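This report examines one protein chain, moving from its overall form to single residues. Please keep the sequence and the model in view while reading.

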Amino acid sequence: MAHDALVRARDIILAVHQGCAGLIEFRAFPSKARKFVAPDGIEAAKRFCDERSHENLFFGVASRRAEGDGTLDGCRQLGALYADIDFKTTPEEDARRRLADCPCSPSIMVRSGGG
């Protein structure tokens with residue numbers, strides 16, 4: 001990922017979680033490295049992302065209750081409305097129509113290429 005894109009993505013992630021209680025989970029693949037940081041922990045998030053900029057980076061949409069717990073039960077709070085649409089289960093044309101019909105326009109869309 002280009003450095004400027006990485007910085008923008010990290011800043012968006014932190015902004016979405018601003019004011020949330022709990023921890024943000026960051027993951028990197030293929031190394032499977034994980035880091036849990038407080039929403040105000042920009043320096044720790046920056047280091048993790050910078051050190052793994054050559055990998056695929058992911059983050060938990062919901063804040064986590066405890067470090068190390070990436071399970072659904074470990075979710076604490078959502079800082080934003082989100083939708084996860086996988087084209088392998090929903091045809092892309094149908095998904096795009098549903099997004100267009102939504103009364104709230106997306107602030108960001110991510111195409112991970114995985115589904």
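The sections below treat the fold, the surface and charges, the salt bridges, and several loop residues.

## Overall fold

The model described here is predicted. The chain contains three helices and five strands. Read from the N terminus, these elements follow the order α-β-β-α-β-β-β-α. A helix therefore stands at each end of this order, since the pattern begins and ends with α.

How does the radius of gyration of the chain relate to that of a compact globule? For 115 residues, a compact globule would have a value near 13 Å, and the 15 Å of the chain agrees with this. Along the principal axes, the C-alpha atoms fill a box of roughly 40 × 30 × 25 Å. Among contacts between residues with a separation of 6 or more, 53% involve residues that are 24 or more positions apart.

## Surface and charge

Of the 115 residues in the chain, 26% are buried. The chain exposes about 7,900 Å², and carbon and sulfur atoms supply 52% of that area.

The chain carries 17 positive and 17 negative side chains. The centres of these two sets lie 2 Å apart.

## Salt bridges

The structure holds eight salt bridges. Two of them lie within helix H3, which spans residues 92–101. In one, Glu92 pairs with Arg96, and the closest N and O atoms are 2.9 Å apart. Why are these two residues separated by about one helical turn? The reason is that Glu92 and Arg96 are four residues apart in helix H3. Glu92 is partly exposed, with a relative accessible area of 31%, and Arg96 is also partly exposed, at 40%.

The other pair in helix H3 is formed by Asp101 and Arg97, whose side chains meet at 3.4 Å, N to O. These residues, too, are four positions apart, about one turn of the helix. Asp101 counts as exposed because its relative accessibility is 55%, whereas Arg97 is partly exposed at 45%. Elsewhere, salt bridges that share partners join Glu25, Arg27, Arg34 and Arg64 into one network. A further salt bridge links Arg52 with Glu51, where the closest N and O atoms are 3.2 Å apart.

## The loop between S1 and S2

Strand S1 covers residues 24–29 and strand S2 covers residues 33–37, and Pro30 lies in the loop between them. A cis peptide bond joins Phe29 and Pro30, with omega at about 25 degrees.

Ser31 belongs to this loop as well, and its relative accessibility of 42% makes it partly exposed. Ser31 and Arg52 are 21 residues apart in sequence, while their C-alpha atoms are 8.9 Å apart in space. Lys32 is also found in the loop between S1 and S2. Although Lys32 is not a glycine, it has a positive phi of about 65 degrees. Lys32 counts as exposed, with 62% relative accessibility.

## Glu55, a buried charge

Where does Glu55 lie? Glu55 is found in the loop between helix H2 (42–51) and strand S3 (56–59). This residue is buried, yet it has no salt bridge. The nearest side chain of opposite charge belongs to Arg52, 4.4 Å away. A salt bridge requires a nitrogen and a carboxyl oxygen within 4 Å, so the distance of 4.4 Å does not meet that cut-off.

Which residues does Glu55 touch, not counting those up to four places away in sequence? They are Ala28, Phe29, Pro30 and Ser31. Among these contacts are the two residues of the cis peptide bond, Phe29 and Pro30.

## Gly22 and its contacts

Gly22 lies in the loop between helix H1 (3–17) and S1. In sequence, Gly22 and Arg65 are 43 residues apart, but in space their C-alpha atoms are separated by 5.3 Å.

Not counting residues up to four places away in sequence, Gly22 touches Ala38, Pro39, Ser63, Arg64 and Arg76. One of these, Arg64, also belongs to the salt-bridge network with Glu25, Arg27 and Arg34.

Key:
Residues are numbered from 1 along each chain as its sequence is written. This is a predicted model: local features need pLDDT of at least 70, side-chain atom pairs count only at pLDDT 80 or more; totals for chains, interfaces and linings use all residues. Side-chain values use heavy atoms; hydrogens and water are left out. The radius of gyration is taken over C-alpha atoms; the globule rule is 2.2 Å times the number of residues to the power 0.38. Buried means under 20% relative accessible area, exposed over 50%, partly exposed in between (1.4 Å probe, protein chains only). Contact means heavy atoms within 4.5 Å. Accessible areas come from the Shrake-Rupley method with a 1.4 Å probe; for residues, only the protein chains shown count as cover. Lys and Arg count as positive and Asp and Glu as negative; His and the chain ends are not counted. The place of a charge is taken as NZ of Lys, CZ of Arg, CG of Asp or CD of Glu.
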